[in-house]
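Trainee: Please choose one part of this protein and take me through it closely. I'd like to see how that part sits among its neighbours, and then what surrounds it further out.

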Amino acid sequence: MENSKIALVLGGGGARAAYQVGVLVAIRELLGESTRNPFPILCGTSAGAVNAATLACYAHNFSAAVDALADVWRNMHASHIYRADPLGMGVAGARWLGALLVGWAIKRSPRSLLDNQPLRRLLERRLDFCNIDRSLAKGTIYAVSLTASGYGTGDSVSFFQAHPEVTSWRRAQRTGCRAQLTIDHLMASSAIPFIFPAVHLNREYFGDGSMRQLAPISPAIHLGAEKVMIIGVGQIGEAPQRQSSRRYPTLAQIAGHALASIFVDSLALDVERMERINRTLARIPVELREGGDEALRPVQSLIISPSERLDALAARHAGALPWAVRTLLRGLGAMNARGGALTSYLLFEEAYTGALIDLGYKDAMARRHEIEAFLEL
């Protein structure tokens, strides 16, 4: 298979995943008239799992897959992802308030802050997971993985469908498990902790795959990738801007910081680790790398990440949220620049997601020569 060892890794980030679509739109344009899928290995986590699953289900036509993604994300509304109506938000708020006041008496806590059944219905309308088997049989794709986090074991589990020669794996706190992928795997992978409910798979409940995912690139390598393209949803490798502040951080700032540690930090660390291993392998003679029970191989990578701070971009578009959601977020301190990080993950509105797509497209086209060389176009 041509380019059979090129993997695409799409991490989590809630609404920020629209940025990934912009990069994919640029790649589709660089491919020209070809509809060939350039990424036979697809690995997705959280909202990135939604994008990866869409590419897998439309693997017979990469252009159609990108069109499907762009159509959803450019016309996105919060109500497509979770109940954003006043009644739905009111019920959720009442459950949490009741749990805080009398939870000891009713012995039942609310499952999540938001109800994401609208997302399930959207995915069921859009995706046919039977196409994955068809694409595997035709050789259009080689492997697909969706990663979720087990609340019982604490393991990061990458559920995958792949060519028969791919085997399951087990490492410290991470596992690769062959499975017939379904909507449930996708809902589990994208179940942001506290915000969306966990999903029961096999013997335990699973939540967002970005939690405890210490090595986000690992599934792609276990599935056989020799080259990995990574589309991040946060600035990678940029020194943080130190700012003096005497004001105590708001709940939104704390929540945004926690989500960044889940969605962004582990990817940046894994990229740094992979580059260091590649430099080490380059110093080892080829005959020594390929000898022994397990051959060692360098993995070429290309990372595309936002050139702008997405929390600032989200703050400019926060007013597009339904008023019930704005009311909730305002109480947490998320409706301003200081709380923009939390808003950037929950702002499923077309003004923001469209801006993210445009930014992803611009960033990718600015590096078009790198992408063309990496994909051997």
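Mentor: Let's start with a pair of residues: Ser 145 has its bridge partner in strand 4, and that partner is Phe 160. Before we go on, keep in mind that this is a predicted model, in which local features need pLDDT of at least 70 and side-chain atom pairs count only at pLDDT 80 or more, while totals for chains, interfaces and linings use all residues. Residues are numbered from 1 along each chain as its sequence is written, and side-chain values use heavy atoms, with hydrogens and water left out.

Strand 4 is our part, and it covers residues 156-162. The numbering of elements runs from the N terminus and follows DSSP runs: a strand is a run of E of at least two residues, and a helix is a run of H or I of at least four. Two strands pair if DSSP finds at least two bridges between them. Strand 3 (residues 143-150) is joined to strand 4 by 7 bridges, and the two run antiparallel. These two strands form a hairpin with 5 residues between them, where Gly 154 takes a positive phi near 80°. Strand 4 also has a parallel neighbour, strand 6, to which 5 bridges join it. Look for Ser 158 here: its bridge partner in strand 6 is Gly 176.

Is strand 4 buried or exposed? We call a residue buried under 20% relative accessible area, exposed over 50%, and partly exposed in between, using a 1.4 Å probe and protein chains only. By that rule 7 of the 7 residues of strand 4 are buried, so the strand is largely enclosed by the rest of the structure. Both of its faces are covered, with Ser 156, Ser 158, Phe 160 and Ala 162 on one side, and Val 157, Phe 159 and Gln 161 on the other.

Now step across to the parallel neighbour. The loop between strand 5 (169-171) and strand 6 (174-178) holds Gln 173. Gln 173 is not a glycine, yet its phi is positive, at about 65°. Its relative accessibility is 32%, so Gln 173 counts as partly exposed. You can compare Asn 202, in the loop between strand 7 (199-201) and strand 8 (204-208). Asn 202 also has a positive phi without being a glycine, here about 55°, and it is exposed, at 59% relative accessible area.

Next, some empty space. Rolling a probe the size of a water molecule over the atoms shows where such space is left. A cavity is a set of points on a 1 Å grid over the protein atoms alone where a 1.4 Å probe fits but cannot get out, and its lining residues have an atom within 4 Å of a point. Grid points are joined across faces, edges and corners, and the volume is the space filled by probe spheres set on them. The whole structure has 4 cavities of 30 Å³ or more, and the largest has a volume of about 250 Å³. Its lining is made of 22 residues, with Val 50, Trp 73, Ile 81, Leu 119 and Leu 123 nearest the centre. Helix 2 (47-57), helix 3 (62-74) and helix 5 (117-126) each give two or more residues to this lining.

Two of those helices are also tied together by charge. Side chains of opposite charge can pair when their charged atoms come close. A salt bridge needs a side-chain nitrogen of Lys or Arg within 4 Å of a carboxyl oxygen of Asp or Glu. Arg 126 and Asp 71 form one, at 2.8 Å from N to O. This pair links distant parts of the chain, with Arg 126 in helix 5 and Asp 71 in helix 3, 55 residues apart. Arg 126 is partly exposed at 34% relative accessibility, and Asp 71 is partly exposed at 36%. For a pair within one helix, turn to Asp 270 and Arg 273, whose closest N and O atoms are 2.8 Å apart. They are 3 residues apart in helix 9, so about one helical turn separates them. Here Asp 270 is buried at 6% relative accessible area, whereas Arg 273 is partly exposed at 30%. In total, the search of the whole structure finds 13 salt bridges.

Note on methods: On a 1 Å grid over the protein atoms alone, a cavity is a set of points where a 1.4 Å probe fits but cannot get out, and a pocket is an open set with protein on both sides within 12 Å along at least five of seven lines; lining residues have an atom within 4 Å of a point.
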